[in-house]
Amino acid sequence: MAHTSSQTTIVFIVVALISAFVPAFSVEEAEAKSLWDTCLLKISPKCALDIIGVVFENLTITDACCHDLVQEGKMCHDTLIKYIAEKPHLVAHETEYLKKNDDLWTHCVSISQTA
């Protein structure tokens, strides 16, 4: 029971951090909740932030996070990045972010295949 409570707390922290990074969500609340419930629970909060950092801030990602990303699945990954990239203050560079998203996915798949 404590483990579930801990996971729930971590998810809320990730959502809060992402919300702080991207304050204006244009997707309906129900859609956002579905995204969090189905995708972000498959990866650690740190990896979720690292993935966002790679695409939106030119940071790097660890091999362990790459494995988590591939396990999360391409649909979840693409949905999350597109969801963030469509925000009003980021949309001008959406094409760039989506390319970085694809490059990150390709990199992580290659890392996962070599392990």
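## Disulfides in a predicted model

Cys-65 has a relative accessibility of 3%, so this residue counts as buried. The cut-off for buried is under 20% relative accessible area. The model is predicted.

Cys-65 has a bonding partner. A disulfide joins Cys-65 to Cys-47, with an S to S distance of 2.0 Å. This pair links distant parts of the chain. Cys-47 sits in helix H3, which covers residues 45–57. Cys-65 sits in helix H4, covering residues 63–72. The two cysteines are 18 residues apart. Cys-47 is at 5% relative accessibility, so Cys-47 counts as buried too. The torsion about the S-S bond of Cys-47 and Cys-65 is about -85°, so this disulfide is left-handed.

How many disulfides does the count give? The count comes to two. A disulfide also joins Cys-66 to Cys-108, at an S to S distance of 2.2 Å. Here, too, distant parts of the chain are linked. Cys-66 lies in helix H4, and Cys-108 lies in helix H6, residues 94–114. These two are 42 residues apart. Are Cys-66 and Cys-108 buried or exposed? Both are buried. With -60° about the S-S bond, the link of Cys-66 and Cys-108 is left-handed.

The two pairs are set out below.

| Disulfide | S to S distance | Torsion about S-S | Separation along the chain |
|---|---|---|---|
| Cys-47 to Cys-65 | 2.0 Å | about -85° | 18 residues |
| Cys-66 to Cys-108 | 2.2 Å | -60° | 42 residues |

Helix H4 holds Cys-65 and also Cys-66. From helix H4, Cys-65 pairs with Cys-47 in helix H3, and Cys-66 pairs with Cys-108 in helix H6.

Key. Residues numbered from 1 in each chain as written. Predicted model: local features only at pLDDT ≥ 70, side-chain atom pairs only at ≥ 80, totals over all residues. Heavy atoms only, no water. Disulfide = S-S within 2.5 Å. Helix = DSSP H or I, 4+ residues; strand = E, 2+ residues; numbered from the N terminus. Buried < 20%, exposed > 50% of the residue type's maximum accessible area, 1.4 Å probe, protein only.
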